[in-house]
Structures are given as C-alpha cells and as structure tokens.
Amino acid sequence: MSESSELNVDDEPQAVSLGEALRVWCRVAALSFGGPAGQIAVMHRILVDEKKWISEERFLHALNYCMLLPGPEAQQLATYIGWLMHRAIGGLMAGVLFVLPGFAAILVLSILYARYQELAVVQAVFFGLKPAVMAIVLEAVLRIGRRVLKNGAMVSLAAASFVAIFFFNVPFPALVAAAAVIGFAGGRFAPAKFVVVRGGGRDAATSTETAAASPTDHARADVRPSLSRAAAVSAICLTLWFGPLLAIGALAGRESVFWLEGLFFSKAAVVTFGGAYAALAYVAQQAVEKYGWLMPGEMLDGLGMAETTPGPLIMVVQFVGFMGAYRHPGGLDPLLAGVLGSLVTTWVTFVPCFYWIFLGAPYIERLRGSRLLSAALSAITAAVVGVILNLAVWFSLHTLFASVNTRSAAGMRLFVPDWSTLNVASLAIAVLACGLTFWWKRGMAVTLAVCAAAGMAMHFVLPAAQRL
C-alpha cells in the first residue's frame, strides 16, 4: 500500500498486538448499532475510555477529518484509528470488520424482501417501520443541528441548502463545494462564526485544543506525507476501485445494471459528504426518480433494515444495488443478479473510504488544530443539516401520501401531495414514533420495535379502507 515500514508492523515493538486489536475490532463491529452517533460513541467508550489506546485529542481530530470526507464517517473513523495503531494492516482490519456484519445481514434481508415482499406479515412489519424511520431521520436533523447551528451564519447556510436542493434541485456536490468555499473564507475572515464544530465523539462542545491527551496513547505519527507515497497509495486504491468496474463494462456491457450501479455508486462515494443521512438524500432521489430501481416506499424499507442491523447506515445502498439488479437481471437468474449487484455496490462504496484514509491521514496528522479545516467542517455540516431536512420532508411526503405530484412554478420544483390519499394509519404511527423519540426519549431499537408491532396490529386488524 505504501512504504515498507507502514506495512511491516513488526519492525518496532507494539503495545497493542494485532491479535488483541482484532478481538477488539470484532467487538466494536458486533456493537455497531444505532447509526453513526451510536457507533462513534461505542468506539469512544472502548478505545478511549476503556482501553486507552488513543487519546481524546487524537480521537476528535480523526473524527473531524472523517466528517469532512464523503461516505460513512463511523466506518472511516474505525479505519483511521486502525491505521494510527497498525498502519495499512490495522486500517484494513478495522474498516473491513466494521462492514462485514452489516453486509451479511442486509444481504439476507434483501433476499427475503425480494422473495417474500408480497407476504402480508412482511408488508405489515414495513408498514410500521416506515413512519418510524421518518422520526429517526427528523431526530438526526435536530441532533446535527444542535451541534453546528450555533449562530445566524450557520442557520443561514442550513436554510439556503434546504431551499437550494428541495425547491431548485441544486446538485448535492455543488452544495458541498459552495459550503466548503464559504467555510474556508469564513475561517479566515470571521472565525468566531464559522469554527463551531470541534468533534462529535462525546459532547459537541468538547474542544480539540483543550482535550487532554492520554498518557497511554498508542497512536503512531511516524509516516511522513510524500509525493511518492501518495502516488503508490493512489495507484493501488484506484486500481482496486476501477479495475473491477472496467471488467464489468467489458464483460456485461455498458447498458447492464451492474455497470450503471458501479458508476452511480462510485459517483455517490465521491460526492456524498456529511455522513449516511446526507448520502441517502442523494441516493434515494436518484435511485427512485432517475433509475427506477426502487419505489419511494422501498427506500424507507431499506433504511429500516440498515437501522436495525449492525454496521454503517450507508449499507442501505447495498439493498438498493440488490433490488436494482434483481429487477433488471439482464438474462441472469434474478437472485444471482441481485447478489452480484449487492457486491458491486458495496465494493465501489467502501474501497474509496479506505483510499481517503490511507491517502489523507498523514497530511491530516500534520494539520491538527487547523482553524480553516474546522471552519470548512462547520460550513459543510451546516449545509448537510439542510440536505437531511430535505430527505426528511421527501420521505414524509411519500410515506404519508399515496400520491405526490411534482410541478414547476417560477423556476422552482414543488412537491404537491394529493390530500385525498393521506394514509391516516401511517400518520398515527408517525405520531407514535415522534412521541417515543422526542417525548419519552426511547432509543432507536425500542422505537422501531414498537412501531413495527403497531404496524402489524393496524395491518391485520383494520380493513384496508381504514388504513388509507
């Protein structure tokens, strides 16, 4: 992957062996429920508080960088910390283990969903899960908003982002680029208004400048960034990323669903800044509206799967890849096509995550405490709040109404629901989910379980006409 010293973990004594690290990363993977916030909290508790393998300051600095990257920040944080401790081998071990349980679970659930979707019990469970997911996404908006919307500048960025993407369909990459430019400029000329995000592993107010380092910090800082190292890492990772994709194009053709999914999710891996919920806003609208791989309600079904299984929430794209290939098998057995689509989607989603970490980590270690980096993070995160709000509204409309029309007026895109198609039962479960989440402060697992049970009760007890 890079210099020989980076790959040879035996060239100097290690306080933490690879075997011990393997056991701990398996434990982290097994406990990685609850979305990025819960997963980051698990890593912080085990690695910083319990094992004391990495200092608070190093943990938050790594998290800041991962939040700037496109893709799932929790998986990238695990990869970064694994790299800090054991270089490329440690990063690969931590990152792959973080993904494997979720991949296996989503694959099994996708197969069951595709084969038995028409069963009444399956429909009943997802009837209750969809409104629950709405509440969870809304809670993500508020959680991230509380961390970053500290002043008028940040609120304005979030509002402008929502208006741009919801009403004017501004591409997500353009929003991220604009927010980054504004953040860098704000960090230089008005740092008090733009440097508001310091980390997220514990309290959002914790500062990387004041966090005390642990005396038993095992993170290493002996890899110097260089052009030769960057070229070697890029050559290996880009070959692993695009080599299989080019082979798919040559073997299956550029009209095949596997090629289209490989290209689309490669693009998503580059542009979906801001974590899983921001990625879902982009993927959901493209997969449903442009490619027709899913129906709007099915994206919520996939998100419900990802919410209730270990691993990063971005694993919902694996469900999208499976269903898209299952419905467009191109002469293959649909189940085989679905599995291949699932593999292609997962590969092009996560190989870039390792690339960003292995390429950028040495540089980021040299930039600890950078004001401009923190300002860019703050601005991008504020813009992401608006993007996730767009996702929440879009999901809500397509969950609560059977018919939602898209119209254009004065250059704006408007979503107009048909109020006669309001699903009263879904609305009732959504209210229940919001009560569990915001009033009773129940965890995500409880909220999903209660709403699934309520969905089954309504689905089997109420006649179809009363569920609409």
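A residue counts as buried when its relative accessible area is under 20%, as exposed when it is over 50%, and as partly exposed in between. Keep that in mind on this tour of a predicted model. Asp301 makes a good test case: its relative accessibility is 3%, so it counts as buried.

**Stop 1: the whole protein**

Start with everything in cartoon view. You will find 18 helices and two strands. Of the 468 residues, 56% count as buried. Now think about contacts between residues at least 6 apart in sequence: 77% of these join residues at least 24 apart. Switch on the surface, and you are looking at about 18,600 Å² of exposed area, with 67% of it supplied by carbon and sulfur atoms.

**Stop 2: inside, at Trp25**

Select Trp25 and Met43. The largest nonpolar core has 155 residues, and these two touch the most other members. Next, show what surrounds Trp25. Setting aside neighbours within four places in sequence, Trp25 is in contact with Met43, Leu47, Ala78, Ile81, Gly82, Met93, Ala94 and Leu97.

**Stop 3: helix H16**

Select residues 371-400, which make up helix H16. Its 30 residues reach 43 Å from first C-alpha to last, close to the 44 Å expected at 1.5 Å a residue. Is H16 largely enclosed or largely open? Because 24 of its 30 residues are buried, H16 is largely enclosed by the rest of the structure.

**Stop 4: the salt bridges**

The structure holds four salt bridges, and we will visit some of them.

Begin with Arg58 and Glu365, whose closest N and O atoms are 2.8 Å apart. This pair links distant parts of the chain: Arg58 is in helix H4 (residues 56-68) and Glu365 is in helix H15 (residues 334-365), 307 residues apart. Arg58 has a relative accessible area of 7%, so it is buried. Glu365 is buried as well, at 10%.

Now go back to Asp301 and add Lys130. Their side chains meet in a salt bridge, at 3.8 Å from N to O. Here too, distant parts of the chain are linked, with Lys130 in helix H6 and Asp301 in helix H13 (residues 296-307), 171 residues apart. Lys130 has 23% relative accessibility, so it counts as partly exposed, whereas Asp301 counts as buried.

Stay with H13 and select Glu298 together with Arg327. They form a salt bridge whose closest N and O atoms are 2.5 Å apart. Glu298 lies in H13 and Arg327 in helix H14 (residues 316-327), so the pair ties together parts that are 29 residues apart in sequence. Glu298 is buried, at 7% relative accessible area, while Arg327 is partly exposed, at 35%.

**Stop 5: a nonpolar patch on the surface**

Finally, turn the surface back on and select Val108, Leu109, Leu112, Tyr116, Leu119, Val121, Phe460 and Val461. Together they make a nonpolar surface patch of about 720 Å². Which helices each supply at least two of the patch residues? They are H5 (73-116) and H18 (444-461). The largest share, four residues, comes from H5.

Zoom in on Val121 before you leave. This patch member is found in helix H6, residues 120-148. Val121 has a relative accessible area of 39%, so it is partly exposed.

Technical notes:
Residues are numbered from 1 along each chain as its sequence is written. This is a predicted model: local features need pLDDT of at least 70, side-chain atom pairs count only at pLDDT 80 or more; totals for chains, interfaces and linings use all residues. Side-chain values use heavy atoms; hydrogens and water are left out. Patches are made of residues with over 30% relative accessible area and no salt bridge: like charges are joined within 9 Å, nonpolar side chains (Val, Leu, Ile, Met, Phe, Trp, Tyr) within 5 Å. Accessible areas come from the Shrake-Rupley method with a 1.4 Å probe; for residues, only the protein chains shown count as cover. Buried means under 20% relative accessible area, exposed over 50%, partly exposed in between (1.4 Å probe, protein chains only). The expected span of a helix is 1.5 Å times one less than its number of residues. A nonpolar core is a set of buried Ala, Val, Leu, Ile, Met, Phe, Trp, Tyr and Cys residues joined through side-chain atoms within 4.5 Å. Contact means heavy atoms within 4.5 Å.
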